[in-house]
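This briefing introduces a protein model to a reader who is new to structural work. Please keep the sequence and the structure in view while reading the points that follow.

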Amino acid sequence: MSRPPTNDVPPAWPGPTAAGLPAPPSLPRYTLPLAFGLQAVVSAGDGLVLIALASRVYQGSHTSWAVAAVFLAVTIPITALAPLAGLLLDRLPPRPELVAAAAGQAVVALALTQVAGIGPVLALATGFGVCAAVLQPGLGAIVPRLVGPAGDASQPDQAGRAAQARRARITRANGYLQAATWGGFTLGPLLAAALVAAGGTGLALVGVAAIYALGTLGLCVLPLAPPDPPAGQADTGRGGLASQLSAGLRFLRQDVDAGLLVLVVGVMVVFANMAVVAEVAFAESVLRAGPTGYSMLVAAWSIGMLAGTLAGGRLPERRLALATLVGTLATGAGVALAGTAAVLWQAAAAYAFGGLANGLEVVATRSFLNHRAPPQVAGRVFAVYSGVLFGAASLGMAAAGGLLGSLNPRVVLFLAGGGGLVAAGVGALFYARRHFRVARSPRPQPVPDPAAPAVTAPSEEAPQGTGSSEEASQGTGSSEEASHETAPPEETPDLTASLERASQLTEPSERAPHPTEPSERAPHPTAPAATAPPLDRSAGRPQLSPASGGRPPTAPPPRADRE
């Protein structure tokens, strides 16, 4: 067997295609299976490390605030460092950064085996968050490079079909990658239980280091297609450092649909992670199901997530935004329905439904951002997205901790589900109103040029004048002015009809054709030469940005990516 390529540029297919054209470069067949396996391995390490860290600090302090501090030590750096991590991902090759981040987590895990006490453990746990700030958005931004390169723009027809097929493969790959994420994250706690029982938290942390070392080796040999060429006039923030750091946020503000989806999902994550904290007390004290009942709720949500992510990979591109909004709405409904349950199986069924919807939403949102974000800002866009998710998860858990001191867990579940429903409903309303206005907006009409000669319909005497002029032209060889009068009268209505058709075909974002702009129709042989200077077709034509729609977890995922 030949050694797999280790550079970012895959080997090209030898020979021409069936159509006789050179074939585009191709990725090895094992690329996506290797990526799915790596995602599962890294996610298993995420689930294992949190259990190991929580157990280690609780054994040394026996306080719940120390456990909460471990989670915050991991999630806060992901949110705080999102702009810087995104800039690094956009400016540097992604492979060395991802390899360094995974290797850094392995080193931190080994260092944790040598320290004791809450302070040193929390300090090193922050190192996991710093590495996750790069690894989490990086794994999302490279998905287009895992499915193959973009098509050849020199062949428009073939490139269009190839691009459409490639975008479908990106959505499908996101579905399988998120399924691998939740499969690995479910396996991680099981590994933690076995390793802690066998050798304590020290052995569990050694297992974490081994898992991340395996992920590092896999990332070293993972083939990546060449990056897509820059698309459009995306605002990459080439001014100062602050402008470059905020380019991802500016893109989400300019692309209204992408920004709306990230905002709605972020609000939903706040409420969904309130349920993460409340469901423990709900299963044990309200349903009287004990730890087994809590495990069944988590398992039901995870099974639903697996099914939802696999189904989400089949979503058509035009339905991704709608799937995000509907999935967010259904996720809130699932949590609220669980709050009405009288017995465990009812709550588990509601959680399975909520997990299914959450899986669809995760795949739809990530695929939508993959399709809309230009390559030159994709890392910063996914860094903002990851920062929003983990920041919202931290906020939701903190809010639930305060509410559970005075409210029944069932009430907290109602609040969590109802908040998700409201967030999704408001987002869907804004989305529908915006697209309804775009669909009903009037198309621009051509604006006549005062300096141009008026185009008028022929008078009733025109046929008589035309006949005499034709005789004069044939008899005496009339001048150019006479030949102008001999132009057939039916040509003028054709010119007007051409302009009307062009104005109807003009998109709202483009410049309407000027009445005096030359027509694509060949001029009549007797028509006079144009006296006005030719118009510059490039002048005044607006540049379409990717935001207009023309373009088209190293740290464990919070519960709405659940998450």
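**Salt bridges between distant parts of the chain**

R372 and D255 form a salt bridge, in which the closest N and O atoms are 3.0 Å apart. R372 belongs to helix 13 (residues 344-372) and D255 to the loop between helix 9 (247-254) and helix 10, so this pair ties together parts that are 117 residues apart in sequence. The model discussed here is predicted. Its protein chain has 18 helices and 0 strands.

- Both partners of this first pair, R372 and D255, are buried.
- A search of the whole structure finds 4 salt bridges, and three of them, including the pair above, are described under this heading.
- A salt bridge also links D257 and R434, with 3.0 Å between the closest N and O atoms.
- Because D257 is in helix 10 and R434 is in helix 15 (residues 409-440), the pair ties together parts that are 177 residues apart in sequence.
- D257 has a relative accessible area of 6%, which is under the 20% limit, so D257 is buried.
- R434 has a relative accessible area of 31% and is therefore partly exposed, since that class lies between 20% and 50%.
- The side chains of E317 and R167 meet in a further salt bridge, at 2.3 Å from N to O.
- E317 lies in the loop between helix 11 and helix 12 (320-339), whereas R167 lies in helix 7, so the pair ties together parts that are 150 residues apart in sequence.
- Within this pair, R167 is buried, with a relative accessible area of 15%, while E317 counts as partly exposed at 34% relative accessibility.

**The chain as a whole**

- The protein chain has 563 residues, and buried residues make up 45% of them.
- About 26800 Å² of the protein chain is exposed, and carbon and sulfur atoms supply 65% of this area.

**Two helices that cross**

- How do the axes of helix 5 and helix 14 cross? The axes of helix 5 (residues 118-141) and helix 14 (residues 378-403) come within 8 Å and cross at roughly 125°.
- This angle makes helix 5 oblique to helix 14, because it falls outside the ranges for roughly parallel (under 35 degrees), roughly perpendicular (65 to 115) and roughly antiparallel (over 145).
- The crossing in which helix 5 passes helix 14 is right-handed.
- Helix 14 also contains L389, which counts as buried at 1% relative accessibility.
- L389 and L263 are 126 residues apart along the chain, and their C-alpha atoms are separated by 9.7 Å.

**Two positions in helix 7**

- Helix 7 spans residues 156-221 and includes L190; T181 is found in helix 7 as well.
- Is T181 buried or exposed? T181 counts as buried, because its relative accessibility is 1%.
- L190, by contrast, is exposed, with a relative accessible area of 59%, a value over the 50% limit for that class.
- T181 and A44 are 137 residues apart in sequence, and the distance between their C-alpha atoms is 8.0 Å.
- For L190 and L48, the separation is 142 residues in sequence and 8.0 Å in space, C-alpha to C-alpha.

**A nonpolar patch on the surface**

- Which residues form a nonpolar patch on the surface? L84, L88 and L92 form this patch, and together they have about 250 Å² of accessible area.
- L92 is placed in the loop between helix 3 (82-91) and helix 4 (94-112).
- At 44% relative accessibility, L92 counts as partly exposed.

**A loop residue with a positive phi**

- Most residues other than glycine have a negative phi.
- R288 is not a glycine, yet R288 has a positive phi of about 55°.
- Where is R288 found? R288 is in the loop between helix 10 (256-286) and helix 11 (290-312).
- R288 counts as exposed, because its relative accessibility is 69%.

Definitions and conventions
Residues are numbered from 1 along each chain as its sequence is written. This is a predicted model: local features need pLDDT of at least 70, side-chain atom pairs count only at pLDDT 80 or more; totals for chains, interfaces and linings use all residues. Side-chain values use heavy atoms; hydrogens and water are left out. Helices (H or I, at least four residues) and strands (E, at least two) are DSSP runs, numbered from the N terminus. Buried means under 20% relative accessible area, exposed over 50%, partly exposed in between (1.4 Å probe, protein chains only). Patches are made of residues with over 30% relative accessible area and no salt bridge: like charges are joined within 9 Å, nonpolar side chains (Val, Leu, Ile, Met, Phe, Trp, Tyr) within 5 Å. Accessible areas come from the Shrake-Rupley method with a 1.4 Å probe; for residues, only the protein chains shown count as cover. Axes are lines fitted to C-alpha atoms, for helices over the stretch in contact, and angles run from 0 to 180 degrees between N-to-C directions. A crossing is left-handed if the near helix is turned anticlockwise from the far one by less than a right angle, and right-handed if clockwise.
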